[in-house]
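Here is a guided look at one protein chain, written for someone who would rather have the model open than read a list. Keep the viewer at hand and follow along.

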Amino acid sequence: MKITVLGCGALGQVWLTALAHSGHDVQGWLRVPQPYCSANVIDPLGRVSNRTFIANDPLFLAQSQLLLVTLKAPQVSTAVKNLESVMAENCPVLLLHNGMGTLGELKGLRQPLLRGITTHAAMRDGTVIKHVASGVTHIGPGNRKSEGWSAIADVLHDALPDVAWHDNIRAACWRKLAVNCVINPLSVEHDCQNGALRQYSREIQTLCDEISWVMEREGQSVDSQSLQDQVFDVIETTAANTSSMLQDIRAQRLTEIEYITGFLLRRARTHGFVLTENTRLYDMIKRKESFYGRERLSTGLSGSWQ
């Protein structure tokens, strides 16, 4: 299968490597056009893979049978829209990122649009990407054109298991959003790895109470206690991990807060809710971002993804 991976950061390099190992014809797509991109990945078992892939080839993109988007949420819509006219109309676009809100931004996309979430964890260590934890990827339809594309889950599962198809992916997205709304900003506030959040059970309870109010109004069958249980499960399984938001803050990069807590707060307002604790954490992250200075605050390198 011919696959273009849009965004060659940590997660993108993991997918490039896995798809190539499974025999797929893959290329990377970079913000600043280059003819090649490298992927240097250490998998969870300590095995090293060093590969070079072609990159930013418009003909390859036009012939691609899948566009796998591993960018962070603030970059997604602009990047995909810039490539829309080059891609075949029947080429599915799969979004894999934290947070929610990009489906609305890509509402008029010509191609089938798939939404996914993943619990695979990867991080950059110098010039090497460490795939620090295997996980599960859940995907499903993001627009009407994508409802017949469940076979994509089998293709991806063969490359990087586990991958599951959901006819209603929105429920899984809301669950992942709830966890991200708790762990990401709390880890920034306390400047700690995920495992250290065990001691903040009262804050976690308050956050989950507020999140559950919104989720129930959004048609999700959930209660605060089940959200707390899920959050603590993730804290335990990722205890040694540094959240992506804390990594962004330490590197003075734009975070995904607008698509995580920001999305939650926007939905809360439509239902007449005021989420005091979630708002406090949102404001804290925005203040930290503002301290960087305009010259440092960016979504990455200059360029247009074209």
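This report walks through a predicted model, from an annotated domain to a sheet, some helices and a few loop residues.

**The annotated domain**

An unreviewed UniProt entry places the feature "domain: Ketopantoate reductase N-terminal" at residues 3–143. Over that stretch the chain is 23% helix and 38% strand, and the C-alpha atoms at its two ends lie 20 Å apart.

**A four-stranded sheet**

Let us begin with an open sheet. Its 4 strands come in the order S4-S3-S9-S8, with mixed pairing. At the edges are strand S4 (48–54) and strand S8 (121–125), each of which pairs on one side only. Direction ignored, neighbouring strands of this sheet are turned by 30° against each other on average.

Strand S3 (residues 36–42) is a good place to see what mixed pairing looks like. S3 runs antiparallel to S4, and 7 bridges join the two. Tyr36 has Ile54 in S4 as its bridge partner, while Ile42 stands opposite Val48 in S4. S3 and S4 form a hairpin with 5 residues between them, and Gly46 in the turn has a positive phi of about 90°. With S9, S3 runs parallel, joined by 2 bridges; here Val41 stands opposite Ile129 in S9.

Which residues of S3 sit on its covered face, and which on its uncovered one? Cys37, Ala39 and Val41 make up the covered face, whereas Tyr36, Ser38, Asn40 and Ile42 make up the uncovered face. Helix H1 (residues 10–21) lies across S3, S4, S8 and strand S9 (128–133), and H1 runs at about 90° to S3.

**A helix with many buried residues**

Next, turn to helix H3 (residues 73–83). Its buried residues are Ala73, Gln75, Val76, Ser77, Ala79, Val80 and Leu83. Both strands and helices help to cover them: strand S1 (2–6), strand S2 (25–29), strand S5 (66–69) and strand S6 (93–96) are included, as are helix H2 (58–63) and helix H4 (102–105).

**Two packed helices**

Further along the chain, helix H6 (residues 169–190) packs with helix H7 (residues 201–217) at an angle of about 150°. Their axes are 11 Å apart, and H6 passes H7 in a right-handed crossing. From H6, the residues in contact are Trp174, Arg175, Ala178, Cys181, Val182, Leu186, Glu189 and His190. They meet Glu203, Ile204, Leu207, Cys208, Ile211, Val214 and Met215 in H7. By class, this contact has 11 nonpolar, 1 polar and 3 charged residues.

Gln220 belongs to the same part of the tour. Its place is the loop between H7 and helix H8 (224–237). Is Gln220 buried or exposed? It counts as buried because its relative accessible area is 13%, and buried means under 20%. Leaving out residues up to four places away in sequence, Gln220 touches Arg170, Ala171, Trp174 and Met215. Trp174 and Met215 also take part in the contact of H6 with H7.

**Loop residues with notable backbone angles**

Most residues other than glycine have a negative phi, and most peptide bonds are trans. The two residues in this table have a positive phi.

| Residue | Phi | Loop | Relative accessible area |
|---|---|---|---|
| Asn56 | near 55° | between S4 and H2 | 11%, buried |
| Asp191 | near 50° | between H6 and H7 | 49%, partly exposed |

The peptide bond from Pro161 to Asp162 is cis, with omega near -5°. Asp162 is found in the loop between helix H5 (151–159) and strand S11 (163–165).

**A loop contact to finish**

Asp162 also leads us to Val136, which lies in the loop between S9 and strand S10 (137–141). Neighbours within four places in sequence aside, Val136 is in contact with Ile117, Thr118, Thr119, His120 and Asp162. How many residues apart in sequence are Val136 and Ala164? They are 28 residues apart in sequence, and their C-alpha atoms are 7.7 Å apart in space. Val136 counts as partly exposed because its relative accessibility is 29%, and that class lies between the cut-offs of 20% and 50%.

Conventions:
Residues are numbered from 1 along each chain as its sequence is written. This is a predicted model: local features need pLDDT of at least 70, side-chain atom pairs count only at pLDDT 80 or more; totals for chains, interfaces and linings use all residues. Side-chain values use heavy atoms; hydrogens and water are left out. UniProt positions are given in the numbering used here, feature names are shortened, and annotations may be inferred rather than shown by experiment. Axes are lines fitted to C-alpha atoms, for helices over the stretch in contact, and angles run from 0 to 180 degrees between N-to-C directions. A crossing is left-handed if the near helix is turned anticlockwise from the far one by less than a right angle, and right-handed if clockwise. Contact means heavy atoms within 4.5 Å. Ala, Val, Leu, Ile, Met, Phe, Trp, Tyr, Cys and Pro count as nonpolar, Asp, Glu, Lys and Arg as charged, and the others, Gly among them, as polar. Buried means under 20% relative accessible area, exposed over 50%, partly exposed in between (1.4 Å probe, protein chains only). Two strands pair if DSSP finds at least two bridges between them.
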